[in-house]
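Below is a report on one protein model and its bound ligand, written for a reader who wishes to follow individual residues in the viewer. The text begins at the ligand and then moves to other parts of the chain.

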Amino acid sequence: MRNSAELYLQTLQKHFAQAPQWFSSGLSHPVTPFVPATGAALTTYQGGQYTAFQRWFHFKEAFSPEFVSAAIASLGYRPSHVIDPFGGSGTSAITSQLLSINATTVEVNPFLADVIKAKLSPLTGEKLLSAAIDFQAQLQDTPADLARLAHLPATFIEDEGKDRWIFPRDVARRLAQYLTCIDAIEDIDVQRFFRIVLGAVLVDCSNVYVNGKGRRYRGAWRLNQPVPEKLDLHFGQQFNTSFEDVMRFEQRPRSRVTVINGDSRTALQEVQEKADLVVFSPPYPNSFDYTDIYNVELWVLGYIESSRDNLTLRNKTLRSHVQVRRSYEGPKGKSKKLSSVLDLLGSRRDTLWDSTIPEMVGAYFHDLELVLEQSQRLLESTGRVMMVVGDSRYANVRIEVATILAELAESMGFGRVTTREVRQMRASAQQGGSFQLAESIVELTL
Ligand SMILES: C[S@@+](CC[C@H](N)C(=O)[O-])C[C@H]1O[C@@H](n2cnc3c(N)ncnc32)[C@H](O)[C@@H]1O
């Protein structure tokens with residue numbers, strides 16, 4: 001069912017149904033105003049497994065391409081440049097490219113930045129096919145040398161005396177072969193494509209699963225451990241899926257899309273080209289660190305090679321979690337709602353699972369204020385900022401993110417500031433369980 005061509009085409013059509021007319025004509029047209037599909041999943045992967053490019057890597061918090069194309073259409077004119085400071089799996093970048101619009105996207109996580117680059121790069125079916133043939137031939141003759149994975153933390157590979165491991169030894173040996181063959185691919189775009197295909201199947205071929213709460217061992221994992229043939233099968237299937245999108249979209253327009261692997265709080269300062277649309281969904285202040293969620297990929301694929309690398313990456317992420325101790329200064333701007341939230345959180349500090357949560361919440365808004373300052377500098381007078389944000393809750397105090405950001409944006413001098421709730425999300429167990437949290441769109445103009 002996963003690769004049902006019919007379903008894939010239907011979903012693709014649906015996701016690009018709202019694409020403005022210039023998608024095919026290259027002409028500029030006034031288009032319909034943005035109507036958020038209330039109740040529609042804006043930042044969930046729902047349907048992503050059938051959608052071109054989304055299905056290259058399961059990224060749960062991704063925008064739908066439909067959301068990005070509707071946001072572009074809502075401008076009412078053809079934008080020259082779109083910026084996304086929190087690229088994730090690259091939905092805004094690839095959607096802009098498909099619509100022939102220039103784009104810049106910033107993503108702090110080097111693995112995810114490569115997922116985005118892989119989707120955008122000028123690959124051809126022919127190049128990939130010939131690389132796949134060479135790859136398969138080479139794989140047979142490549143020694144399965146675990147030294148290739150020597151940088152991994154102790155918990156990753158099965159060994160005597162260990163009581164848990166993410167990969168059985170024979171799967172790790174097969175992984176070492178894959179990595180050695182990928183290293184040997186000369187064309188950098190092709191090499192990245194293969195690495196991302198491998199990244200997309202790693203967790204499925206391990207003893208763990210990963211969700212918003214982090215990494216967990218599967219039930220009865222010792223009895224059901226993966227085998228190297230599973231890795232071969234999943235790699236082959238994922239290769240075919242991503243390859244199909246490369247083939248189908250080989251002739252797509254190639255607008256200029258820049259991917260910056262960096263921290264948007266500082267990296268945006270380097271961007272000089274004004275934008276008509278700044279569209280993003282930042283991490284929500286719910287204490288999840290994406291460094292944990294994509295940790296298996298980061299380590300195995302060599303994006304991080306030591307605990308120091310891991311720490312350096314955590315320190316570059318938005319202060320939406322307390323995984324590392326950092327300085328926690330609040331925003332400069334004024335928000336009554338934020339002040340009252342921080343007072344309440346402070347008064348309930350004893351009941352919080354981490355005593356620095358009140359300061360983290362303040363710092364979260366400071367970080368988003370930095371991103372908004374740069375967005376204000378970069379925005380064309382006719383443009384708009386569109387953010388999808390989600391509330392959080394600690395010790396029964398709701399962090400009303402959209403309201404707080406709207407107040408900060410007003411104090412920063414944005415002209416029109418609107419917020420609208422689009423979805424209710426179920427809260428995580430860590431946040432107290434069963435109640436609902438709002439996801440909202442905040443829209444700003446100069
Ligand atoms: C909600 S996701 C964005 C999803 C994206 N809209 C998509 O469609 O795939 C937020 C992203 O922000 C990234 N991030 C966190 N801190 C960052 C920072 N300081 N600078 C840039 N990106 C950051 C995370 O790694 C994560 O990929």
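A backbone N or O atom of Phe63 lies 2.8 Å from an oxygen atom of the ligand, and since the model is a predicted one, this distance, like the others given here, is a computed value. Two side chains also take part in pairs of this kind: a polar side-chain atom of Thr91 is found 2.6 Å from a ligand oxygen, while a polar side-chain atom of Glu107 is found 2.7 Å from an oxygen atom of the ligand. Phe63, Thr91 and Glu107 belong, together with Ser89 and Ser264, to the five residues that come nearest to the ligand, out of 24 around it. The table sets the three pairs side by side.

| Residue | Atom on the protein side | Distance to a ligand oxygen |
|---|---|---|
| Phe63 | backbone N or O | 2.8 Å |
| Thr91 | polar side-chain atom | 2.6 Å |
| Glu107 | polar side-chain atom | 2.7 Å |

Strand β2, which covers residues 102–107, also holds Thr104. Thr104 has a relative accessible area of 6% and therefore counts as buried, the limit being under 20%. The side chain of Thr104 is joined to that of His81 by a polar contact of 2.7 Å. When neighbours within four places in sequence are left aside, the residues in contact with Thr104 are His81, Val82, Ile83, Asp84, Thr258, Ile260 and Val271.

The next site concerns Trp299 and the residues around it. Trp299 is part of helix α12, which spans residues 295–300, and its relative accessible area of 6% places it among the buried residues, because that term applies under 20%. His151, in contrast to a residue within a helix, is found in the loop between α6 (125–141) and α7 (169–183). Which atom of Trp299 lies 2.7 Å from a polar atom of the side chain of His151? The partner on the Trp299 side is its backbone oxygen.

Not counting residues up to four places away in sequence, Trp299 touches His151, Leu152, Pro153 and Phe156, and also Ile304, Glu305, Ser306, Ser307 and Asn310. With sequence neighbours set aside in that way, His151 touches Trp299, Val300, Gly302, Ile304 and Glu305. A further distance relates Trp299 to Leu149: the two residues are 150 positions apart in sequence, yet their C-alpha atoms are 9.1 Å apart in space.

Turning to enclosed space, a search of the whole structure finds two cavities of 30 Å³ or more. The second largest cavity has a volume of about 30 Å³, and its lining consists of Phe53, Trp56, Ala118, Lys119, Ser121, Leu123, Val246, Arg252 and Arg254. By residue class, this lining divides into five nonpolar, one polar and three charged residues.

Phe53, one of the residues lining that cavity, is placed in the loop between α2 (22–25) and α3 (65–73). Its relative accessible area is 1%, so Phe53 is buried under the limit of 20%. The phi angle of Phe53 is near 70 degrees, a positive value in a residue other than glycine. Ala220 also has a positive phi, near 50 degrees, and is likewise a residue other than glycine. Ala220 lies in the loop between β4 (214–217) and α9, and with a relative accessible area of 45% it is partly exposed.

Among the open spaces, the second largest pocket contains about 590 Å³. Its lining is made up of 25 residues, and those nearest its centre are Phe57, His58, Ala200, Val203 and Asp204. The elements that contribute two or more residues to this lining are helix α8 (188–201), strand β3 (208–211) and helix α9 (228–248). The lining residues of this pocket comprise 10 nonpolar, eight polar and seven charged ones.

Some totals describe the chain as a whole. The protein chain contains 16 helices and 11 strands, and 58% of its 446 residues count as buried. Of the contacts in the chain with a separation of 6 or more, 75% are between residues 24 or more positions apart.

Conventions:
Residues numbered from 1 in each chain as written. Predicted model: local features only at pLDDT ≥ 70, side-chain atom pairs only at ≥ 80, totals over all residues. Heavy atoms only, no water. 1 Å grid on protein atoms, 1.4 Å probe; cavity = no way out; pocket = protein on both sides within 12 Å on 5 of 7 lines; lining within 4 Å. Points joined across faces, edges and corners; volume = space filled by probe spheres on them. Helix = DSSP H or I, 4+ residues; strand = E, 2+ residues; numbered from the N terminus. Nonpolar A, V, L, I, M, F, W, Y, C, P; charged D, E, K, R; others polar. Buried < 20%, exposed > 50% of the residue type's maximum accessible area, 1.4 Å probe, protein only. Contact = heavy atoms within 4.5 Å. Near = heavy atom within 4 Å. Polar contact = N/O pair within 3.5 Å; in protein donor to acceptor, adjacent residues only side chain to side chain.
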